[in-house]
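Visitor: Before we go through this model, I would like to hear how each label attached to it is justified. Could you take the terms one by one and set them against the values?

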Amino acid sequence: MFLITCPVTRSDHLVSLTSIRSVINHPTHIAVHVECPDCGALHEHRTGRKYLAARRAEELVAA
Ligand SMILES: [Zn+2]
């Protein structure tokens with residue numbers, strides 16, 4: 001189980017690993033495509049050390 005935020009409804013949902021449709025390793029991030037239990041759409045969630053570090057840096061600049 002892991003937590004996703006639906007970009008359509010902005011609500012959080014616990015989803016099982018069976019909801020993952022694909023995992024694609026990119027140079028800058030890992031794209032995980034998950035079937036949303038809320039709206040039924042396929043959402044891409046980006047993760048990975050490089051991606052999360054870049055996001056934290058963006059948040060610090062914006063603060
Ligand atoms: Zn959704």
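Guide: A residue is called buried if 20 or more other C-beta atoms lie within 10 Å of its own, and exposed if 12 or fewer do. By that rule, 2% of the 63 residues of the protein count as buried in this predicted model.

Visitor: What is the confidence of the prediction?

Guide: The mean pLDDT of the protein is 93, on a scale that runs from 0 to 100, and 100% of the residues reach 70 or more. Among the elements, β3 has the highest mean, at 96, while α1 has the lowest, at 89.

Visitor: Which pattern does the protein follow along the sequence?

Guide: The secondary structure comes to one helix and five strands, and reading along the sequence gives β-β-β-β-β-α. The C-alpha trace spans about 35 × 25 × 20 Å along its principal axes.

Visitor: How do you know that β1 and β2 pair?

Guide: Two strands pair if at least two bridges are found between them; β1 (residues 2-5) and β2 (residues 12-15) are joined by four bridges and run antiparallel, so the requirement is met. Among the partners, Phe 2 is bridged to Val 15 in β2, and Leu 3 stands opposite Leu 14.

Visitor: What makes Arg 10 stand out in its phi?

Guide: Arg 10 lies in the loop between β1 and β2, a hairpin with six residues between the strands, and its phi is near 65°, a positive value in a residue other than glycine. Most residues other than glycine have a negative phi.

Visitor: Why is Arg 10 called exposed?

Guide: Arg 10 has 8 other C-beta atoms within 10 Å, and the label exposed applies at 12 or fewer, so Arg 10 is exposed.

Visitor: What makes β3, β4 and β5 a sheet, and in which order do they lie?

Guide: Strand β3 (residues 20-25) pairs with strand β4 (residues 30-35) in the antiparallel sense over five bridges, and six bridges join β4 to strand β5 (residues 42-47), again antiparallel. With at least two bridges needed for a pair, both pairings hold, and the result is an open sheet of three strands in the order β3-β4-β5. The edge strands are β3 and β5, since each pairs on one side only. From one strand to the next, the twist averages 20°.

Visitor: Which residues show how β4 is placed between its partners?

Guide: His 33 in β4 is the bridge partner of Ser 22, and the partner of His 33 in β5 is Glu 44. Ile 30, for its part, stands opposite Thr 47 in β5.

Visitor: How many residues join the strands in the hairpin of β3 and β4, and how many lie between those of β4 and β5?

Guide: The hairpin that joins β3 to β4 does so through four residues, whereas the hairpin of β4 and β5 has six residues between its strands, with Gly 40 taking a positive phi near 85°.

Visitor: How do you know that the length of α1 is close to what is expected of a helix?

Guide: The expected span is 1.5 Å times one less than the number of residues. For α1, with 14 residues, the expected value is 20 Å, and the helix reaches 20 Å from its first C-alpha to its last, so the two agree closely.

Visitor: Why is α1 said to lie largely in the open?

Guide: Of the 14 residues of α1, the number buried is zero, so the helix lies largely in the open. Leu 60, whose place is in α1 (residues 49-62), has 8 other C-beta atoms within 10 Å and is therefore exposed, given the limit of 12 or fewer. The C-alpha atoms of Leu 60 and Ser 16 are separated by 32 Å, and these residues are 44 apart along the chain.

Visitor: What share of the contacts joins residues at least 24 apart?

Guide: Among contacts between residues at least 6 apart in sequence, the share joining residues at least 24 apart is 25%.

Key:
Residues numbered from 1 in each chain as written. Predicted model: local features only at pLDDT ≥ 70, side-chain atom pairs only at ≥ 80, totals over all residues. Helix = DSSP H or I, 4+ residues; strand = E, 2+ residues; numbered from the N terminus. Axes fitted to C-alpha atoms, helices over the stretch in contact; angles between N-to-C directions. Contact = placed C-beta atoms within 7 Å.
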